[in-house]
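Visitor: Before we talk, could you put the sequence and the model in front of us, so that each point can be checked by eye?
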Amino acid sequence: MSGRAAPFHCPYCGEEDLRPHEAGHGAWECASCNRAFQLKFLGLLTRGLARNDVEEDGT
């Protein structure tokens, strides 16, 4: 498995015409809206998922 993940669409205009940007790792440019952006993985969250399926009255 590769350490890189490519975005599927531009977060600004939603188009899919993306190319790696020369700024380096995680940087992308959109040919449709002429914007450059950078993605960064921050890490896994330590908190668990909240359960909404438990009834309030305890039955």
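Guide: A disulfide, as the word is used here, is a pair of cysteine sulfur atoms within 2.5 Å. This is a predicted model, in which local features need pLDDT of at least 70 and side-chain atom pairs count only at pLDDT 80 or more, while totals for chains, interfaces and linings use all residues. Residues are numbered from 1 along each chain as its sequence is written, and side-chain values use heavy atoms, with hydrogens and water left out.

Visitor: How many disulfides does a search of the whole structure find?
Guide: The sulfur of C13 has its closest cysteine sulfur in C30, and because the separation is 3.7 Å, that is too far for a bond. For C33 the closest cysteine sulfur belongs to C10, at 3.8 Å, which is likewise too far for a bond. Searching the whole structure for disulfides therefore gives, with these distances in C13 and C33 as examples, a count of zero.

Visitor: Is C33 buried, partly exposed or exposed?
Guide: Buried means under 20% relative accessible area, exposed means over 50%, and partly exposed lies in between, with a 1.4 Å probe and protein chains only. The relative accessibility of C33 is 22%, so C33 counts as partly exposed.

Visitor: In what order do the three strands form their open sheet?
Guide: Strands are DSSP runs (E, at least two residues) numbered from the N terminus, and two of them pair if DSSP finds at least two bridges between them. Strand 2 (residues 27-30) and strand 3 (residues 35-38) run antiparallel and are joined by four bridges. The three strands form an open sheet with antiparallel pairing, in the order 1-2-3.

Visitor: Which strands stand at the edges, and why is one side of each left without a neighbour in the sheet?
Guide: Each edge strand has a single partner strand, so one side of it is left without a neighbour in the sheet. The strands at the edges are strand 1 (18-20) and strand 3.

Visitor: Which residue in the turn of the hairpin has a positive phi?
Guide: On strand 3, Q38 is the bridge partner of A27, and R35 is the bridge partner of C30. Four residues lie between strand 2 and strand 3 in this hairpin, and the turn residue with a positive phi, about 60 degrees, is N34.

Visitor: Which residues make up the largest nonpolar core?
Guide: A nonpolar core is a set of buried Ala, Val, Leu, Ile, Met, Phe, Trp, Tyr and Cys residues joined through side-chain atoms within 4.5 Å. F37, found in strand 3, counts as buried because its relative accessibility is 7%. The largest nonpolar core has five residues, namely C10, L18, W28, C30 and F37.

Visitor: What kind of aromatic pair do Y12 and F37 form?
Guide: Rings of Phe, Tyr and Trp (its six-membered ring) pair if their centres lie within 6.5 Å, and planes under 30 degrees apart count as stacked, over 60 as edge-to-face and the rest as tilted. By this rule there is one aromatic pair. With 6.3 Å from centre to centre and 65 degrees between the planes, the pair of Y12 and F37 is edge-to-face.
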